[in-house]
Amino acid sequence: METISNIFLFTVNHVIFILTCLLFAVYLTLSFISAAALRKYLRKNSYVDYHSIILAPLTPSVSVIAPAYNEERSIVENIRALMSLYYNNFEVIVVNDGSTDGTFNRMMEAYELERVSYFFDYRIPCERIRGVYKSHNRSFKKLTVIDKVNGGKADALNAGINISKKDLICSIDVDSIMEPDALLKMVKPFMEETGKEVIGAGGVIRIANSCVIEDGQIKEIRLPNEFLPRVQVLEYTRAFLLARMAWGKLNGLLLISGALGMFDKEVVIQCGGYSTKTVGEDMELVVRMRRYMAEHKRPYQVVYIPDPLVWTEVPATRKILARQRNRWTRGTLETLRTHKKLFFNYKYGIFGMLGYTYWFFFEWLAPILEFLGYLYFAYLIIVQAVNWSFFLLLLAFVYFFAVFLSTWAVLFEEKTFHKYKNRKDVFRLIGTAFFEPLLYHPLTVWWAMRGNIDYLRGVRSWGHMEREGFGKDKKTKPKADK
Amino acid sequence: MPDIQNLIDNYYHLFSNRIVVLALVIVIVTCIVGMFILLVWILINRNNLKKRLMLGEKLLVHYQTLLIDYLFSDDNAQEMDKIKKIAQSEFSRNILINQMIDLSINLSGEAKTKLRELYVCMGLHQDSIRKVHHRKWHIKIKGFKELSFMDITTVNDAIRKALESKNDILRLEAQLALVRLEKHDPFGFLDHLVHPFTMWEQLNVHELITFHNLIVPDFSRWLNSTNDTVVVFALNMIRVFKQTQAVDCVVETLKHPNTVIRRHAIDVCGEIQLRETLPTLKNRYKDEDYHNGLAIVQAMGKMPDKSILGFLKLVLDKEEDVQLQIEAAMAINKMGDIGTAVLEKLMLSGYKNYQIIIRHVLDKRIN
């Protein structure tokens, strides 16, 4: 009995330790790849004058699709910001996904909309479209509004794709703030394709909490004052500048954030559009598109753009953040399960061998193992079997590595886009890095566990997302899909 | 079991193993030291950025005044001395070059020549030439840009070598530089281009032609290129610059084996209204893929002609694809009174979705 117990302890100790070391090694490797890729990107693009190409006749056409659900307080301003993007050949499609507030009426009134006889095909299945609306005012010629039965974000995006008349689609959260030149930067990879079809492009999402926003534009960039949004700045910087940049370089990127992504419309349609059966429709679409291209033996690429392209508001309370992370975990699990065929499958190249495998072990399994590690540690304390000196050493190892990695991410931000001009902000950000592993990280592990449990319990809903909202009016704003 | 027990005994105390402990301590110390180094690096980087920004702004204002004085004064030597005094370091010389480039964009004639003379007299062209020969590609590019703006042709051969580079950015910048520097045959590089000429490169060359009022060559010269992307570029340029004299060559391109090239050729036919191609387009419709078929119907819409009315009605009637139906109806609508009469008649028919298609087409708010 004692031997079996020893075998168990031996295995658990070693698995956790080796996995931790492996995880750190992977993070380091990704950071180096990312550093090289970022350097090349910045040098390459320092010569590009995006503004000179705004009116160029050779640029591809783009449909910006923004699903809206109960956005009455900000919808008019958000649409105005979308229509003012710097690009020549684009349309804005706003999909009113069965809002129960005055979203639709606000749009009707502000943009002088009228119902039109729009002939289209349900190339991708979606809930019934009640009507398509255009403005009789030529100033709003770019705008098309769809009114449809509520079906969730993915369904609304599919409706927008059915109406789209352009070559590329750009999906965006209607309450996010796009950089004015974001479309110019996003179409560039599609125009640079040579042997490989570019099927998707995504960019850096920045956090707008505490920033000064006027008329749908960021006027002053500030680091969030509250701890939770600030720690997410650090988290996003690490994820976008260290990890995704590297995965983009390796052509193993599995996720283009739902806040902003650009895709080849035809490939999206051939793949069947966004899946309405998952809460992680953004990741699932990219994985399905990649899989489709690989299975049809069509060389392809998913490109990552390290420029900050869109600003979004992140949850500022534990309750809302917990729901978001819970949903992310369920979305990841659903996608990994749907596409389990990809697991370490050489037929899918780096995407199958590394990309999927990385997500499986490090994004999905690691939090579970970490949680089990906490339980195991609690057990060791109870049975008084903790080697305290070694525990403290391990804790220091994990803690300082985490802080080091965050500091490195801050350096990346400083050397690249240098968005926080105030020196105090940088110190605050690095200061946050010291608290993150102790105060924030255990919470993310717990939320991930809850996500896994909820998935097993069959929870498939988005959960209610409340946001503070940009601008002067700071009342709570509902932002939920069904 | 004893073997397993033995194994565990050997490794169970892994965590008291001196090597493991030492390794962990090394990693911890490295991380702490690394953190401080990164922090110092961040601070130094911020300071440098701030300093360079302030100095750059100061120099920029200074140079602006001095350059304007130089361009419009008679005592050039004195003004040049003043500029030389400031432009000592590499940083300040680079700022000066950038300022000269910015200024040169808005200058022409004598003033531009004078500015170029200053650039050469100050030996700034040597700085640019050194950049062209630099081993780092991004510095080479800077050299290409400076020389092309200042119209220095002495190192064209070195720039030409970059046309063969595997580095797409270097290649693009070499192309752009040569378009401005090669006086006899600015677009000659297209004859020898073996790499794909991406849409991005095409767009940049087009912008260069437009913004700098360069002489537009007869692009039909490249319609027989063995590089398909060059053919696409030529077709795009024929379309944009409406080179109707290229009609015969464009018609030939409609038979090109590459589907994408044929699609571009169809677009050209519509855009520059090559009505003589209508019978060919009509005949080719059934052999083309969906996208080219759609392009044919769209092209027909741009050159309305009674002779294709029957064909368009057939497309509207037989095709199931929504986009094809809409484009066919739009093409009919553009034929004026005859087209409108046809559509009105079709509206009365209960067949297919004619009513909704035609209402869509006639609605000016949609199209």
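**Domains, cores and rings in the predicted model**

Chain B splits into four pieces in the domain assignment: domain 1 (23-122), domain 2 (123-211), domain 3 (216-303) and domain 4 (309-367). Everything described here comes from a predicted model, so no value is experimental. In chain B, the C-alpha centres of domain 1 and domain 4 lie 62 Å apart.

Within chain B, Gln99(B) is worth a stop. Gln99(B) is part of helix α4 (residues 90-105) of chain B. Its relative accessible area is just 5%, which is under the 20% cut-off and therefore makes Gln99(B) buried. What does Gln99(B) touch, leaving out residues up to four places away in sequence? The contacts are Leu60(B), Tyr63(B), Gln64(B) and Leu67(B). Leu59(B) is 40 residues from Gln99(B) in sequence, yet the two C-alpha atoms are 9.6 Å apart in space.

Two charged side chains of chain B are also placed over aromatic rings. Lys114(B) lies over the face of Tyr70(B), 5.6 Å from the ring centre. Arg180(B) does the like with Phe149(B), its charged end sitting over the ring at 4.6 Å from the centre.

Turning to the nonpolar packing, the largest core runs to 264 residues, and Val62(A), Met178(A) and Leu183(A) have the most contacts inside it. Helix α11 (residues 388-416) of chain A gives this core its largest share, 15 residues. In soluble globular proteins, nonpolar side chains tend to be buried together. Met178(A) shows how the packing looks from one residue: not counting residues up to four places away in sequence, Met178(A) touches Leu82(A), Leu85(A), Cys170(A), Ile172(A), Leu183(A), Leu260(A), Leu309(A) and Val310(A). Apart from the largest core lies another one, of 7 residues, with Leu228(A), Val231(A), Leu443(A) and Trp447(A) among them.

Cys170(A), one of the residues touched by Met178(A), leads on to the cysteines. How many disulfides does a search of the whole structure find over all chains? The count is 0. For Cys170(A), the nearest cysteine sulfur belongs to Cys271(A) and is 18 Å away. Cys271(A) is in no disulfide either, and the nearest cysteine sulfur to it, that of Cys126(A), is 17 Å away. A disulfide needs two cysteine sulfur atoms within 2.5 Å, and a gap of 18 Å leaves Cys170(A) without one. Both cysteines are tucked out of reach of the probe to some degree: Cys170(A) counts as buried because its relative accessibility is 0%, and Cys271(A) counts as buried at 11%.

Aromatic rings turn up in pairs too, with 34 aromatic pairs found over all chains. One of them joins Tyr348(A) and Phe351(A), edge-to-face, at 6.3 Å centre to centre and 85° between the planes. Tyr348(A) is buried, with a relative accessible area of 8%, and Phe351(A) is buried at 1%. Why is the pair of Tyr440(A) and Trp447(A) edge-to-face? The planes of these two rings stand at 75°, so the pair falls in that class, with the centres 6.4 Å apart. Tyr440(A) is buried at 1% relative accessibility. Trp447(A), also one of the residues of the 7-residue core, is buried with a relative accessible area of 6%. Elsewhere, Phe24(A), Phe32(A), Phe397(A), Phe401(A), Phe404(A), Trp408(A) and Phe412(A) form one aromatic cluster.

Methods
Residues numbered from 1 in each chain as written. Chains lettered and ligands numbered in written order. Predicted model: local features only at pLDDT ≥ 70, side-chain atom pairs only at ≥ 80, totals over all residues. Heavy atoms only, no water. Buried < 20%, exposed > 50% of the residue type's maximum accessible area, 1.4 Å probe, protein only. Domains from an automatic or database assignment. Core = buried A, V, L, I, M, F, W, Y, C linked by side-chain atoms within 4.5 Å. Helix = DSSP H or I, 4+ residues; strand = E, 2+ residues; numbered from the N terminus. Contact = heavy atoms within 4.5 Å. Phe/Tyr/Trp six-rings, centres within 6.5 Å; stacked < 30°, edge-to-face > 60°. Lys NZ or Arg CZ within 6 Å of the ring centre and 35° of its normal.
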